[in-house]
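Biologist: I am new to this model and would enjoy a guided visit. Could you take a close look at a single part of it, and then tell me how its surroundings fit in?

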Amino acid sequence: MFGIWGHTHAAELSYYGLHAQQHRGQEGAGVVVSDGEELKLHKGLGLVNDVFKHAGFKELKGTAAIAHVRYSKHGDKRRAVDSVEPLVFRTRKTSLAISHSGNIVNGEKLRDVLEDNGSILQTSTDSELLAHLIKRCKENTNEDAIIQALQQLEGAFTFLILDKENMYAAADPHGIRPLSIGKLGDAYVVASETSAFDLIGATFEREVLPGELIVINDQGLKSVRFAMREQRRLCAMEYVYFSRPDSDMNQVNVHASRKRMGIELAKEAPVEADVVTGVPDSSISAAIGYAEQSGLPYEMGIIKNRYIGRTFIQPSQELREQGVKMKLSPVRGIVEGKRVVMIDDSIVRGTTSRHIVRLLKEAGAKEVHVRIASPAIQDPCYYGIDMSTKEELIAANHSPEEIRELIEADSIAYLSVEGMKQAIVQERSIHQGICHACMTGEYPVPILDNREDPS
Ligand code: 5GP
Ligand code: SF4
Ligand code: MG
């Protein structure tokens with residue numbers, strides 16, 4: 001997500017802001033601009049570039065905007081443009097644009113109550129859910145209604161909301177998903193990842209804190225607490241895989257944390273080998289760390305076709321497998337006759353690792369030792385990352401030795417949970433702390449709907 005308040009090029013800067021976060025979602029993109037009079041929406045299916053190619057920036061004039069890239073979670077395969085955010089809601093009293101990142105775990109229950117009371121929801125988005133909750137509040141101002149609505153939600157969420165007078169930014173009480181605030185001259189900017197700030201030349205100010213609602217308007221920035229702040233539980237997978245290496249979250253740089261994961265992994269699971277290689281792009285940082293700690297040379301044993309999108313974002317397994325095939329190639333001159341340590345950031349379904357071990361062997365590698373720079377993913381994520389059923393997780397159904405055999409590796413080892421914490425959490429306080437539920441089963445927010453698939 002990206003938001004901006006107080007800049008004459010709000011729409012154009014939103015385009016850049018989304019571009020720097022394209023990896024967070026590739027199914028659709030959208031922007032809503034406010035000129036103080038009305039909210040104007042432009043959105044579509046596809047990549048940011050495709051969607052904005054048709055954006056008439058002249059019509060999108062305004063000094064405030066919120067924007068979003070879509071990543072459909074929990075098997076929501078409907079590629080409907082209706083679900084591309086931000087969503088705009090117009091009532092006689094007010095207009096609101098809303099975008100959301102994460103997953104509301106009591107969403108089904110809230111929907112039931114809303115429907116019983118006559119609401120008709122058109123999408124399965126959490127943004128629409130919030131809009132209805134806001135609408136039902138009898139409060140006088142949008143701010144008070146938003147606070148009441150947020151208090152009913154449980155799970156992982158960051159929201160950006162825009163009305164004609166204000167931009168709002170909120171984070172759930174555990175701060176599971178990241179959201180940062182920056183400044184660009186006198187303008188305020190908000191983004192899921194700080195990589196968006198760097199691209200537009202904005203400076204980082206601070207994060208939206210767990211349980212905090214930020215209200216930004218022409219008077220400046222105001223902080224309201226809508227819930228008690230809990231121990232921070234920032235999603236570990238943001239560091240392991242999801243975020244860009246140049247982003248910082250909770251004052252920890254993502255690349256640096258990945259490199260430390262590689263260092264810890266080399267300490268925990270050393271192996272006799274000739275070269276270390278990583279699966280581009282997300283595993284390179286960890287591979288560099290592993291190589292540095294083990295004293296083995298880091299080599300580019302696998303290269304990536306840069307014109308293929310992220311494989312996991314394809315919503316079906318067949319598409320995913322085809323995607324992996326087109327995406328990665330071994331470098332024969334580097335791996336032939338060598339004992340290779342192959343670092344991957346994570347194993348989810350096992351598609352990537354199996355394919356890469358085979359590629360490396362076909363290219364002449366003598367041995368392939370798989371080292372995974374995160375703990376085994378054994379439990380579903382209910383907080384917005386697309387791993388929502390146990391069946392799809394290879395480590396939920398197989399021991400490491402079985403996985404080694406399935407992916408035809410000579411050895412396999414994962415980073416321990418302690419090792420990962422060591423690499424990410426730099427200071428033990430209430431503000432630090434990560435969610436690692438998909439690796440340990442310790443869910444920071446209970447799963448109220450009590451189902452395998454939260455969709
Ligand atoms: P696999 O191929 O085992 O399903 O996925 C693991 C590899 O793909 C890793 O290289 C990781 O970077 C990426 N990946 C694929 N799908 C997902 C996913 O749903 N979540 C995460 N965190 N990473 C994924
Ligand atoms: Fe992130 Fe895993 Fe927690 Fe989901 S369960 S929020 S993927 S750490
Ligand atoms: Mg990867």
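Modeller: Let's begin with Asn250, which counts as buried at 8% relative accessibility (buried means under 20% relative accessible area, exposed over 50%, partly exposed in between, with a 1.4 Å probe and protein chains only). Please keep in mind that this is a predicted model, in which local features need pLDDT of at least 70 and side-chain atom pairs count only at pLDDT 80 or more, while totals for chains, interfaces and linings use all residues. Residues are numbered from 1 along each chain as its sequence is written, chains are lettered from A and ligands numbered from 1 in the order in which they are written, and side-chain values use heavy atoms, leaving out hydrogens and water.

Asn250 lies in the loop between strand E15 (248–249) and strand E16 (252–253); helices (H or I, at least four residues) and strands (E, at least two) are DSSP runs numbered from the N terminus. Asn250 is not a glycine, yet its phi is positive, about 50°. In the loop between E15 and E16 you will also find Gln251. Gln251 has a positive phi too, near 65°, and is likewise a residue other than glycine. For burial, though, Gln251 counts as exposed, at 73% relative accessibility, whereas Asn250 counts as buried.

Now for the part I would like to show you up close: the surroundings of ligand 2. Around this ligand are Ile176, Cys235, Ala236, Met237, Cys381, Tyr383, Ile385, Met387, Cys435, Ala437 and Cys438 (a residue belongs here if one of its heavy atoms lies within 4 Å). This shell divides into 11 nonpolar residues, with no polar and no charged ones (Ala, Val, Leu, Ile, Met, Phe, Trp, Tyr, Cys and Pro count as nonpolar, Asp, Glu, Lys and Arg as charged, the others, Gly among them, as polar). H7 and H16 each supply at least two residues of the shell.

The space taken by ligand 2 is the second largest cavity (more than half of the molecule's atoms lie within 2 Å of its grid points). A cavity is found on a 1 Å grid over the protein atoms alone, where a 1.4 Å probe fits but cannot get out; a pocket is an open set with protein on both sides within 12 Å along at least five of seven lines, and lining residues have an atom within 4 Å of a point. The structure holds 6 cavities of 30 Å³ or more, and the second largest has a volume of about 90 Å³. The lining of this cavity is made up of 13 residues, and those closest to its centre are Cys235, Cys381, Tyr383, Cys435 and Cys438. Helix H7 (236–242) and helix H16 (437–440) each give at least two residues to that lining. Its make-up is 11 nonpolar, 1 polar and 1 charged residues.

Four of these names come up again in the records. In an unreviewed entry, UniProt lists Cys235, Cys381, Cys435 and Cys438 under "binding site". These four span 204 residues in sequence, yet no two of their C-alpha atoms are more than 10.2 Å apart, so they gather at one spot. The lining of the second largest cavity takes in Cys235, Cys381, Cys435 and Cys438. As for Cys435, its place is in strand E23 (residues 434–435), and at 9% relative accessibility Cys435 counts as buried.

The record marks another group as well. Ser282, Asp344 and Asp345 carry the UniProt feature "binding site", again from an unreviewed entry. They span 64 residues in sequence, but no two of their C-alpha atoms are more than 7.9 Å apart, so they too gather at one spot. Ser282 sits in the loop between strand E17 (275–278) and helix H9 (284–294), and Ser282 is buried, with a relative accessible area of 10%. The loop between E17 and H9 also holds Asp281. The peptide bond from Pro280 to Asp281 is cis, with omega near -10°.

For a look at an open space, turn to the second largest pocket, with a volume of about 490 Å³. Of its 20 lining residues, Thr91, Lys93, Thr94, Ile134 and Lys135 are the closest to its centre. Two or more residues of the lining come from each of strand E5 (87–90), strand E6 (95–104), helix H4 (126–136) and helix H5 (142–150), with the largest share, 5 residues, from H4. This lining divides into 6 nonpolar, 7 polar and 7 charged residues.

How values were computed: Points joined across faces, edges and corners; volume = space filled by probe spheres on them. UniProt positions renumbered as here; feature names shortened; annotations may be inferred.
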